[in-house]
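User: Hey, can you walk me through this one? I'm new to reading structures.
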2 protein chains.
Amino acid sequence: MTATLKDVATRAGVSTSAVSRTFTDGASVSLKMRRKVEKAAAELGYSPNFLARSLTTRRTKLIGLVSNNFHNPIFLQVFDLFTRGLQDRGLRPLLVNLSDEVDPENSLRMLQQYSVDGAIVASSTLPPVFSKAFRDQKLPVVHTFGRYTSSPDVHVVGIDNVEAGRMAARELVQRGYKKVAYLGGPQLATSAQDRLEGFENELSRHPEITHSHSYASAYSFEAGRAEMLRLLKENPAEAYFCADDVLSIGALSAVKDMGLRAPEDIGIIGLNDMEMSGWENINLTTIHQPIRQIISSSIELMVAMLDEPDRYPEARLFPCRVVERGTLRPRP
Amino acid sequence: MTATLKDVATRAGVSTSAVSRTFTDGASVSLKMRRKVEKAAAELGYSPNFLARSLTTRRTKLIGLVSNNFHNPIFLQVFDLFTRGLQDRGLRPLLVNLSDEVDPENSLRMLQQYSVDGAIVASSTLPPVFSKAFRDQKLPVVHTFGRYTSSPDVHVVGIDNVEAGRMAARELVQRGYKKVAYLGGPQLATSAQDRLEGFENELSRHPEITHSHSYASAYSFEAGRAEMLRLLKENPAEAYFCADDVLSIGALSAVKDMGLRAPEDIGIIGLNDMEMSGWENINLTTIHQPIRQIISSSIELMVAMLDEPDRYPEARLFPCRVVERGTLRPRP
DNA sequence: ATAATTTTTGCAACCGGTTGCAAAAAAAAC
DNA sequence: GTTTTTTTTGCAACCGGTTGCAAAAATTAT
């Protein structure tokens, strides 16, 4: 149906190699030849078949974009930034939804079958074993929103979740809260664990402040709401650090449901600073996570790795900052 | 690096065809042969290269998932459903972000270069010329959330936007509003046009009710908020039909900003019924669009087309229903 | 046991490209 | 105008598979 290399060669009266070379940059073709070939190609509407090409070049320019976060609105932005960033560099995202997947095997095999050049794992809730499995197959992999370790197995780009936890604690301390708590995402998410660690670590310097923690079942509105409802019925803290904005919004909803107000009765600070946290009817005080930088850095790293697969794994962490809005009482 | 067909053949001491056949279902292989090959394959960790295979079979099982909606939270759910649905059928979504794209040429060529088996265009704001360009290249295409016409150029799956507009109008009429208005998305979006058409069409049966319309610059919170702020400063209507939930939420925010309340001062009805519309602090009365059915039907249609490419284009429309929450005054 | 039929297998060509190598052509040096 | 050097070109093998066809092997019928 569509024109092939051979068709163009025949039409231009040249060898197939010549045609191939005009479409490979850096190859040796005379100007005259190039003209001839390009003319024939244009007449036939030819453009090279990337997949056939990939057989010999061993480059598909396909990047597996692997995630299991399809419920947190922030990930729409994540996908937007990733797809555009990859496209701009001539790469193509093959989207893999790991929502219910527990075993890396299948996804790994699939990525191999499509010969992706690399995989970006965009998730803070996927266990590290996933990205490690990819790496073990010599597949270049970047774990975006992954866990920081001083000697990482795979490239990690994100924030220092421990530090973010500290930051949240400091913020609550400064505002004079005496009884605080952490409301985390799924307990097995490394991000949730690390944020708690930092939170408690900072609070250990303030023995006069009591603190506790619990986990919502997912990074979702409903989960945050349910957990906060439960907490409020018992013996609630004065202020909560919710490990994610969407969780915070759920928690806020619970607060209002119980006839309470934020920040007057209950203080809440989130993490992410997603677009809707700034919406007037939400107006959440939160810790800003620099998504754009995280993603463009992830892509850069991936591009670099395509040229240099044995690059030593590094961790790239970006600083966060508190965005003050209306759900925490003012600093004294 | 990874084992190839030939490696397996050598190891098992059989021909490459034999190996190929064991991995092609429906091919003729004796049980004994299959055993032998599978053993060798397992030992080498072999699995067939889909792209090489696609060269001869002319099937890549790659589906272009094309969209320009990366700001409306409902599309996160759309991507979730599409990716899972496609995966479940052994198809792989190649995500294409058309956000700033005005010319179908590039995207079309790219999809051709990767030999996708088909393309799903998921957008209500992309001009029909895009999907038509794909179709013209004999590429099976489904336009999800596309415009209904009685003799469609390409397969369309979605809702009857005209009818949805009527439904919204009826709802406002029944609740006794005397002065109503339509707040649309980007004017060139077919969905925005059609919803307005239905809205006005229904209202033409009620000459005692005055109505007007205007458009927000995008289907986004900010755009809805800005437009509603403008409207409220002039001569606002009693109730608005906002052509999208995220637009409605922006509008609601504007209403509160001006010191007004919904539904007491201004009534609002949206369209989509996205998850967060049900959140307690939003609580938007809206028209439910059956996303799950729309998407699973789109996938079914695509799968059907892969077997029968010249299938006559059809339109599949799903009925909507009003979801009553708290932003419209009750029926009398 | 032999012939006829069916099933299984391997050969070799092909899918749409790329590329090392050597020959041919063009350019530079003498 | 030769010779040397450089550039351009085509040949042919290859990337990792599939598949039509005919031969070989296994079944079934006689």
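Analyst: Sure, we'll look at a helix and then at cavities, keeping in mind that this is a predicted model.

User: Cool. Which residues of helix 3 of chain A are buried?
Analyst: Those are Val37(A), Ala40(A) and Ala41(A). They sit on the same side of helix 3 of chain A, because they cover an arc of only 100 degrees around the axis.

User: Why would residues a few places apart point the same way?
Analyst: An α-helix has 3.6 residues a turn, so residues three or four places apart end up pointing the same way.

User: And what do the buried ones pack against?
Analyst: The buried residues of helix 3 of chain A pack against helix 1 (5-12) and helix 2 (16-22) of chain A.

User: What's exposed on the other side of helix 3?
Analyst: There you'll find Leu31(A), Lys32(A), Arg35(A), Lys39(A) and Ala42(A) exposed.

User: What comes just after helix 3 of chain A?
Analyst: Gly45(A) does, and this glycine takes a positive phi of about 65 degrees.

User: Switching topic: how many cavities of 30 Å³ or more are there?
Analyst: The count comes to 3. The largest cavity has a volume of about 160 Å³.

User: Which residues are closest to the centre of the largest cavity?
Analyst: Of the 17 that line the largest cavity, the closest to its centre are Ser124(B), Phe145(B), Arg195(B), Asn272(B) and Gln289(B). Helix 5 (74-88), strand 5 (155-159) and strand 9 (267-272) of chain B each give two or more residues to the lining.

User: What kinds of residues make up that lining?
Analyst: The lining of the largest cavity has 8 nonpolar, 7 polar and 2 charged residues.

Methods
Residues are numbered from 1 along each chain as its sequence is written. Chains are lettered from A and ligands numbered from 1 in the order in which they are written. This is a predicted model: local features need pLDDT of at least 70, side-chain atom pairs count only at pLDDT 80 or more; totals for chains, interfaces and linings use all residues. Side-chain values use heavy atoms; hydrogens and water are left out. Buried means under 20% relative accessible area, exposed over 50%, partly exposed in between (1.4 Å probe, protein chains only). Helices (H or I, at least four residues) and strands (E, at least two) are DSSP runs, numbered from the N terminus. The arc is that of the directions from the helix axis to the C-beta atoms. Contact means heavy atoms within 4.5 Å. On a 1 Å grid over the protein atoms alone, a cavity is a set of points where a 1.4 Å probe fits but cannot get out, and a pocket is an open set with protein on both sides within 12 Å along at least five of seven lines; lining residues have an atom within 4 Å of a point. Grid points are joined across faces, edges and corners, and a volume is the space filled by probe spheres set on the points. Ala, Val, Leu, Ile, Met, Phe, Trp, Tyr, Cys and Pro count as nonpolar, Asp, Glu, Lys and Arg as charged, and the others, Gly among them, as polar.
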